[in-house]
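Got the viewer open? Let's take a short walk through this one, from the overall layout down to a pair of side chains.

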Amino acid sequence: MVRSKAAKERLHDDGTQNTDPLAGTYQFNLFRLVWRTIFVAMTTLIAMLMPFFNDVIRFLGAMGFWPLTVYFPIEMYISDKKIGRETSSWLALQMISVACFFVTVAAAVGSVAGVVHDLRTYKPFKTSY
């Protein structure tokens with residue numbers, strides 16, 4: 001978002017070429033360097049402020065697991081192989097999908113419980129190992 005806006009407003013350097021013995025010739029853009037450095041620093045700060053950051057990442061992973069690695073591939077396989085509805089193959093694939101959905105729900109509930117548990121003893125910049 002910021003990069004596309006900067007490109008439209010021409011907030012970049014003159015684009016002179018730089019030479020590096022290992023990387024070869026490349027374009028150096030000061031705005032890109034500064035923006036990415038600030039972005040990484042802010043993300044790191046947010047991660048340090050949230051001792052439950054791992055639980056948040058687990059929740060996002062749980063939400064992405066079932067649709068991206070189970071549901072869509074199974075539906076594409078059924079569509080590609082033209083497996084008829086309510087056949088034994090279709091039923092088996094749907095049972096796998098439902099079982100993985102329950103795993104996703106359990107993982108999401110567990111990560112939310114972890115966030116709630118960590119919020120009870122929340123102290124910024126303190127670790128509890």
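**From the whole chain inward**

Start with a cartoon view and follow the chain along the sequence: the pattern reads α-β-β-α-α-α. That gives four helices and two strands in the protein. Keep in mind that you're looking at a predicted model.

Now switch on a surface. The protein exposes about 10300 Å², and carbon and sulfur atoms supply 67% of that area. Of its 129 residues, 15% count as buried. If you draw the contacts with a separation of 6 or more, you'll find that 52% of them come from residues 24 or more positions apart.

Next, some selections borrowed from a record. An unreviewed UniProt entry lists residues 33–53, 59–78 and 90–116 under "transmembrane region". Select 59–78: the span is 100% helix and 0% strand, and its end C-alpha atoms sit 28 Å apart. Then select 90–116, where the helix content is again 100%, strand is 0%, and the end C-alpha atoms lie 39 Å apart.

Now zoom in on helix 3, residues 53–81, and show Asp55 and Arg58 as sticks. What do the side chains of Asp55 and Arg58 meet in? They form a salt bridge, at 2.5 Å from N to O. Both residues belong to helix 3 and are three residues apart, about one turn of the helix. Side chains of opposite charge can pair when their charged atoms come close. The salt bridge count comes to one.

Last stop: stay on Asp55 and colour by accessibility. Is Asp55 buried or exposed? Its relative accessible area is 8%, so Asp55 is buried, the cut-off being under 20%.

Terms used
Residues are numbered from 1 along each chain as its sequence is written. This is a predicted model: local features need pLDDT of at least 70, side-chain atom pairs count only at pLDDT 80 or more; totals for chains, interfaces and linings use all residues. Side-chain values use heavy atoms; hydrogens and water are left out. A salt bridge is a side-chain nitrogen of Lys or Arg within 4 Å of a carboxyl oxygen of Asp or Glu. Buried means under 20% relative accessible area, exposed over 50%, partly exposed in between (1.4 Å probe, protein chains only). UniProt positions are given in the numbering used here, feature names are shortened, and annotations may be inferred rather than shown by experiment. Contact means heavy atoms within 4.5 Å. Accessible areas come from the Shrake-Rupley method with a 1.4 Å probe; for residues, only the protein chains shown count as cover.
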